[in-house]
Amino acid sequence: MSAVDTAQQFIQHFYPFCQGAILAGSVIRGTATKTSDLDIVVFDNAVPSPYRESLIFNGWPVEVFAHNLTSYKQFFQEDCETAKPTHPHMIAEGIVLIDKGIVGIIKSEAKHLLKKGPTAWDPEEIYLKRYFITDALEDFIGASDRGEEIFIASTLADWLHEFVLRTNGKWIGDSKWIVRALSNFDEDFSRTFVEAFDVFYKTGNKDKIINLTDNVLAPFGGRLFDGFRMGKKN
């Protein structure tokens with residue numbers, strides 16, 4: 001059965017009286033793999049509190065994100081605070097499976113949040129991030145233990161992607177969504193970013209990561225160490 005047909009049968013079987021349901025995720029973006037599941041968001045006023053559940057239905061792995069008609073708002077708010085808009089993304093891009101008059105409204109809320117973007121970083125936040133990225137970079141440059149190098153590089157990748165996107169008013173991501181978020185922002189930069197870490201993991205050469213980090217920090221004053229203060233009173 002197709003993903004949409006399976007999702008519709010799933011709703012009829014488990015949530016026949018729900019007010020709305022959406023199929024989201026890779027299956028509707030055309031990026032599904034053999035391990036992809038069906039991400040289904042359900043809006044049901046009979047649900048006392050939101051929950052997430054995973055199960056197998058008609059041979060498909062299914063992940064359910066169940067909400068009542070108000071609980072999703074809290075998840076929208078929390079996603080906006082972390083700048084990782086998981087729920088707004090799913091709802092905005094998802095295919096409507098059933099709608100009893102509420103899905104269009106919720107989709108509009110999600111699209112509005114995505115377009116608005118996350119709260120801008122203030123100068124103090126940028127200042128702190130510059131320092132911690134600098135500190136990680138210096139550790140990376142000085143490290144000679146391969147295990148330490150690998151995990152410092154992982155930290156740098158996460159912090160650099162966050163710095164680039166947040167200083168440009170864009171949403172960030174986790175895991176595979178790091179690359180997707182970077183590509184949505186700037187495909188050329190995303191390729192440069194991936195290449196820098198790919199070269200390091202394959203060859204051990206750190207130069208591209210070092211150059212990438214310096215280029216990212218340069219518009220904000222470059223590396224930060226000498227004179228850094230946090231919490232000290234004058």
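How are helix 4 and helix 5 oriented to each other? In this predicted model, helix 4, which covers residues 86-93, packs against helix 5, residues 103-116, at an angle of about 125 degrees, and their axes are 8 Å apart. An angle over 115 degrees but not over 145 falls in neither the roughly perpendicular nor the roughly antiparallel class, and the two helices are therefore oblique to each other. The crossing in which helix 4 passes helix 5 is left-handed. On the side of helix 4, the residues that meet the partner are Pro88, His89, Ile91, Ala92 and Glu93, while helix 5 brings Ile106, Lys107, Ala110, Lys111, Leu113 and Leu114. Sorted by class, this contact holds seven nonpolar, one polar and three charged residues.

Helix 4 also leads us to the sheet, since helix 4 lies across strand 1, strand 2, strand 4 and strand 5, and runs at about 90 degrees to strand 2. The sheet is open and has five strands in the order 3-4-2-1-5, with mixed pairing. Strand 3 (51-57) and strand 5 (95-99) are at the edges with a single partner strand each, so one side of each has no neighbour in the sheet. From one strand to the next, the twist averages 20 degrees. Strand 5 pairs with strand 1, residues 20-24, in the antiparallel sense over four bridges, and Asp99 in strand 5 is the bridge partner of Gly20.

A further helix pair is formed by helix 9 (residues 187-203) and helix 10 (residues 207-217), which pack at an angle of about 145 degrees with their axes 8 Å apart. Among the residues in this contact are Phe189, Phe193, Phe197 and Phe200 of helix 9, and Ile209 and Leu212 of helix 10. By class, the contact has nine nonpolar, one polar and two charged residues.

Terms used. Residues numbered from 1 in each chain as written. Predicted model: local features only at pLDDT ≥ 70, side-chain atom pairs only at ≥ 80, totals over all residues. Heavy atoms only, no water. Axes fitted to C-alpha atoms, helices over the stretch in contact; angles between N-to-C directions. Parallel < 35°, antiparallel > 145°, perpendicular 65-115°, else oblique. Left-handed = near helix turned anticlockwise from the far one by under 90°. Contact = heavy atoms within 4.5 Å. Nonpolar A, V, L, I, M, F, W, Y, C, P; charged D, E, K, R; others polar. Pairing = 2+ DSSP bridges.
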